[in-house]
Amino acid sequence: MLREITLGQYYPVDSVIHRLDPRTKLFGTLVFVISLFVTTSVWGYMLATVFLIFVIKMTKVPFSFMVKGLRSMLVLLLLSVSFNLFLTTGEVLVQFWIIKITREGVRMAGFMAIRLIYLVLGSTIMTLTTTPNALTDGLEKGMGFLNKVRVPVHEISMMMSIALRFIPILVEETDKIMKAQMARGADFESGNLIQKVKAMVPLLVPLFISAFRRATDLAMAMEARCYRGGNGRTKMKPLHYALRDRLAYGLQLGYLAGMIGLRFL
């Protein structure tokens, strides 16, 4: 399961989406997330599905690789669907003792499942097609107006980039520790829930130690290179909008307008 986490990984391939400005992709991700919370109809989710399939095709990233990240959120997905399915009031379809399944619950559970899946896929597309450095530059440039109200935009962007960069590193480190513990006789699969939680202790302790060690090494490396924040720093590759970015902005705004129109229709 650890190898199935795709959030934070970068998939190198030559595609139109990869060549887009990171600000364009950040804006597109924001638009897609907003659209999922705006729509309340089947037609809206159908439009979101068409838009998502189109973007996935344009990335040239294998769909099988992209959906691997959904398995890591299976528990959260089941909990969200169950709460909406069994706790929503309305027209009763099936009743067993105190458990009721209503028509409205089925509808809400279905929409919630689609929304969570699309949220993960939309966020994964951004990280798979954008390097951590480009993502940092895009966040810093896109939120530059917040500097006027003394918001540390550069530091926030740097922290988010480092966090995303550490996800695949910690996943790989966890996999190595698990294999080492299993070679020494540790069992992470059998037993009840409490036994499985206890079995995770020998895994979590060295993982936290390794994470703190990596964080300390990173801090020392930044200090050795005289890093003092974003004031006065220049970019080796300044961001510039191209024609494809303007076309992408138009497509994103058209998609958002269509979702809003479907909501009121």
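Here is a walk through the structure above, from the overall fold to a pair of helix contacts and then a pocket. Keep in mind that this is a predicted model.

Let's start with the whole chain. The protein chain has eleven helices and two strands. If you follow the sequence from start to end, the pattern reads α-α-α-α-α-β-β-α-α-α-α-α-α, with the two strands sitting between runs of helices. As for its extent, the C-alpha atoms fill a box of roughly 65 × 55 × 40 Å along the principal axes.

A good helix to hang on to is H2, which spans residues 22-38. Look at how H2 sits against H11 (243-264). Their axes come within 10 Å and cross at roughly 5 degrees. An angle under 35 degrees counts as roughly parallel, so that is what H2 and H11 are to each other. On the H2 side, the residues that meet H11 include Arg23, Phe27, Val31, Ile34 and Val38; on the H11 side, their partners include Asp245, Tyr249, Leu253, Leu256 and Arg263. Sorted by class, the residues of this contact are twelve nonpolar, four polar and three charged.

One detail here is worth zooming in on. Across the whole structure there are eight aromatic pairs. Among them is the pair of Phe27 and Tyr249, whose ring centres are 5.2 Å apart with the planes at 55 degrees, so the pair counts as tilted. Phe27 belongs to H2 and Tyr249 to H11, so to speak two distant parts of the chain, 222 residues apart, are linked by this pair.

Now turn to the other neighbour of interest, H7 (132-142). How do H2 and H7 cross? Their axes come within 8 Å, at roughly 75 degrees, and the two helices are therefore roughly perpendicular to each other. Here Pro22, Arg23 and Leu26 of H2 meet Ala134, Leu135, Gly138, Leu139, Lys141 and Gly142 of H7. That contact has five nonpolar, two polar and two charged residues. Notice that Arg23 turns up in the contact with H7 and also in the one with H11.

Finally, the empty space. The largest pocket has a volume of about 980 Å³ and is lined by 35 residues. Nearest its centre lie Asn133, Ala134, Thr136, Asp137 and Arg165. Which elements give two or more residues to the lining? They are H1, H2, H7, H8, H10 and H11, so the three helices we have just met are part of this list. The largest share, six residues, comes from H8. By class, the lining has 14 nonpolar, ten polar and eleven charged residues.

How values were computed:
Residues are numbered from 1 along each chain as its sequence is written. This is a predicted model: local features need pLDDT of at least 70, side-chain atom pairs count only at pLDDT 80 or more; totals for chains, interfaces and linings use all residues. Side-chain values use heavy atoms; hydrogens and water are left out. On a 1 Å grid over the protein atoms alone, a cavity is a set of points where a 1.4 Å probe fits but cannot get out, and a pocket is an open set with protein on both sides within 12 Å along at least five of seven lines; lining residues have an atom within 4 Å of a point. Grid points are joined across faces, edges and corners, and a volume is the space filled by probe spheres set on the points. Helices (H or I, at least four residues) and strands (E, at least two) are DSSP runs, numbered from the N terminus. Ala, Val, Leu, Ile, Met, Phe, Trp, Tyr, Cys and Pro count as nonpolar, Asp, Glu, Lys and Arg as charged, and the others, Gly among them, as polar. Axes are lines fitted to C-alpha atoms, for helices over the stretch in contact, and angles run from 0 to 180 degrees between N-to-C directions. Angles under 35 degrees count as roughly parallel, over 145 as roughly antiparallel, 65 to 115 as roughly perpendicular and the rest as oblique. Contact means heavy atoms within 4.5 Å. Rings of Phe, Tyr and Trp (its six-membered ring) pair if their centres lie within 6.5 Å; planes under 30 degrees apart count as stacked, over 60 as edge-to-face and the rest as tilted.
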